[in-house]
Amino acid sequence: MIFNQLDILSENEIERILDTSYRILEEVGLRFEWAPALDTLEARGCMVDRQAMHVRMPRKLVEEAVAGMTPLARPQDYPKIFWAPWIGMNLIEFETKTRRPGRLDDCRNIVNLVNNLENISVSSTGVVPQDVPIEIADVFMAELLFKYSEKIFTTWTYTIETGRDLVEMALAVTGGEEEFRNSKVLNYLAEPVTPLKMPRHMLEIMTLYAQYDQPINMGSMVQVGTTGPATLAGSVALQMAENMAGLAYLYCLGSKSPVALGGPMQTSDMRTGRCLYAAPELSLIHLALVACAHHLGYMSGCTSGLCDANTMDFQCGWERGLSGVLLWAAGSESIGMRGEIGGGEGFSMESLVVENEMGGMLRRISEGIIVNDETLALDIIEKVGIGGNYLYETHSAQHAHDFWQPEVFSRKQYAQFWENYRHIEERAHEKVARILDTSELSLQVDEDVAREIDRIVKARVDKLKSA
Amino acid sequence: MADFEALKNSVIDMDPDRAVELTQSAVAEGVAPLDIVNTALIPGIDVVGQKFRDFEYFLPEVIMAAKAFKAAFEVILPQLNEAGYEPKGRVLIGTVSGDNHDIGKNIVIALLQGSGYEVHDAGVDVSAQRFVELVRDIKPHVVGMSALLTTTMAVMRDTIAELSGAGLRDSVKVIVGGSCVNPEFAQKIGADGYGEDASEAVKLVDRLLAV
């Protein structure tokens, strides 16, 4: 099976975009809002105006960084990897269809659900819990994931202080610094404040995680038409510039962190300025980002499989499917199974179950067509001959389970379907309820490690109370 | 004679240079500044607002029209102040402390200005204390706070508490917005309203000020 076949840009066009990115870094520059970062960059030959915190990066240095840093390795089960659920603020309740702020018990349920969804490779808590102090919600999310996720996970890191908590948890889980370095259990989605600002908290957390060789996904979030030019090529060049600036900073630090270049770019609805999650232009810019990242030899951590639809309707399925399949066909390493609805306005467990089903179809397609004597089956074709029936052959029984089977999608006949009609969201909800009723979260770490994680959380809560 | 129709059209056509030129001509001819505002500039921006609601104008066009409006308005602002002109409402808006994201805030500012409000931009990374100082100085009718980072939401709560502590809370309406904020949070911290996007923010201010 051959992937990476969907090219929307020629080599010359990719090089023009990247040339613009290099020029942005060298001629326009960025603001690095943290003095130690300015020291690091100045020592490596960047042009630094300390008062304005303005940095211009020589092209040669950025090229060296691109060549010298370690790209994040493709996931083991590529191209069959499907990414983590969204981590938004609100949960959409199935019964009422209303949004409400996420809670800690939602996070537990979502981690439990993802543990049981076979086509989602990377876990998260889905929502930010808001029944805990919001400033340190990331510590509570990490606690749950470290203790109960059966899969690798991704989560937010809010500040350098909570970042240190997450590092402490990771050290406890892995058993020591060397093991932590090798395990890559943490990762950081570094999001510059676009356009062209590298905020202090991001630089601090990158620097901390880089000390432990943890993966950094440079994921700027240029919004075409508001924080980036209203033309796609220019916004992609800006996005790549911001991502490459982060890469160059890590290089100047001497970091061994593996890096991905991608990011959840967005387009604006030019009518209103609203962020869009599923416009056709969004697929185009993400395809361009994949092409640019791959051209530089890096994995692209782009998002896809999102929707602007506010309910699980035809629009929702088309938006998710179109962007997901396009990015998958272009060789993107992360295809979103996100659970979000309505342009990121709420997380739906039912949607995540349906997306898991979509992921199952894509996984099956990823396996491709195997061509060998057994699968060409000339001997069986000879045996059955003209007008025969392959159902009577052992060969058919042996391969019957090669075919993907849906669990939530319907294959009923028309009359049967309408006899006991239930919308796909209801069918998905039954699966959610079944999983949550029958599956308990179980500790994935030793009890003493769990106690240490609890201690770290409590210490952070106490510090917040005493502040 | 002042060409009010041409001045109105300069706003609709998003042409700040022409708007300034025509306003200066009208002033030179002795036209009262309030007449310029009421007969040309506000009718012009009203048309822009209607075109925006009809999806004929998109956001960048509204922002360019607001620029033309503002450029003309600034020509006559000193005389308007002398004449005791009161805008539709005065809004102070900023991104809260610890947060440098300003695109959403800037879109809200543009639409509020396009709707005839006097808007004071406090910028980004605005502390609770700074909001209080600015409320004292500017005396806005509405204070708007924006945040994108979850960690900075608490500053909105702190700002409302500081306004109360300073005895200013009852003098202003407080509204909040930003991708990490939701109506429940707004209610919890005692804000007067939450705007889901820029258009909603303008409607919210209209509603709160009953204009």
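A crossing of two helices is called left-handed if the near helix is turned anticlockwise from the far one by less than a right angle. Keep that in mind for the first stop, and remember that you're looking at a predicted model.

**Stop 1: a pair of helices in chain B**

Select residues 4–12 of chain B, which form helix 1, and then residues 16–28, which form helix 2. Their axes come within 8 Å and cross at roughly 155 degrees. An angle over 145 degrees counts as roughly antiparallel, so that's the label for helix 1 and helix 2 of chain B. Now try the definition from the start: the crossing of these two helices is left-handed.

Next, show the side chains where they meet. From helix 1 of chain B, pick Ala6(B), Leu7(B), Ser10(B) and Val11(B). From helix 2 of chain B, add Arg18(B), Ala19(B), Leu22(B), Thr23(B) and Ala26(B). Colour this contact by class and you'll get six nonpolar, two polar and one charged residues.

**Stop 2: the two domains of chain B**

Zoom out a bit. The domain assignment splits chain B into domain 1, residues 4–82, and domain 2, residues 90–209. Give each its own colour; their C-alpha centres lie 27 Å apart. Where they touch, domain 1 of chain B puts in ten residues and domain 2 of chain B puts in seven.

Which elements give two or more residues to the domain 1 side? Select helix 3 (33–53) and helix 4 of chain B, and you have them. Helix 4 of chain B provides the largest share of that side, with six residues. By class, the domain 1 side has eight nonpolar, one polar and one charged residues.

**Stop 3: where chain B meets chain A**

Now bring chain A into view. Here 19 residues of chain B are in contact with 21 residues of chain A. On the chain B side, click through helix 4 (59–82), helix 5 (103–114), helix 7 (153–165), helix 8 (183–188) and helix 9 (198–209), since each supplies at least two of the touching residues. That side of chain B divides into eleven nonpolar, six polar and two charged residues.

**Stop 4: a buried alanine in chain A**

Stay in chain A and select Ala37(A), which sits in helix 2 (residues 35–43) of that chain. Is it buried or exposed? Ala37(A) has 24 other C-beta atoms within 10 Å, so it counts as buried. Leaving out residues up to four places away in sequence, Ala37(A) touches Phe32(A), Leu203(A) and Tyr249(A). Then draw a distance from Ala37(A) to Thr207(A): they're 170 residues apart in sequence, but 8.9 Å apart in space, C-alpha to C-alpha.

**Stop 5: some backbone oddities in chain A**

A bit of background first: most residues other than glycine have a negative phi, and most peptide bonds are trans.

Select Thr194(A) and Pro195(A): the peptide bond joining them is cis, with omega about 5 degrees. You'll find Pro195(A) in the loop between strand 6 (188–190) and strand 7 (197–198) of chain A.

Go on to Asp213(A), in the loop between helix 8 (200–211) and strand 8 (216–218) of chain A. Its phi is positive, near 60 degrees. Asp213(A) has 17 C-beta neighbours inside 10 Å, so it counts as partly exposed.

Finish at Ala377(A), in the loop between helix 13 (373–376) and helix 14 (378–384) of chain A. Phi is positive at Ala377(A), near 55 degrees. With 17 C-beta neighbours inside 10 Å, Ala377(A) counts as partly exposed.

Definitions and conventions. Residues are numbered from 1 along each chain as its sequence is written. Chains are lettered from A and ligands numbered from 1 in the order in which they are written. This is a predicted model: local features need pLDDT of at least 70, side-chain atom pairs count only at pLDDT 80 or more; totals for chains, interfaces and linings use all residues. Axes are lines fitted to C-alpha atoms, for helices over the stretch in contact, and angles run from 0 to 180 degrees between N-to-C directions. Helices (H or I, at least four residues) and strands (E, at least two) are DSSP runs, numbered from the N terminus. Angles under 35 degrees count as roughly parallel, over 145 as roughly antiparallel, 65 to 115 as roughly perpendicular and the rest as oblique. Two residues are in contact if their C-beta atoms, placed from the backbone, lie within 7 Å. Ala, Val, Leu, Ile, Met, Phe, Trp, Tyr, Cys and Pro count as nonpolar, Asp, Glu, Lys and Arg as charged, and the others, Gly among them, as polar. Domain bounds come from an automatic or database domain assignment. A residue is buried if 20 or more other C-beta atoms lie within 10 Å of its own, exposed if 12 or fewer, and partly exposed in between; C-beta atoms are placed from the backbone.
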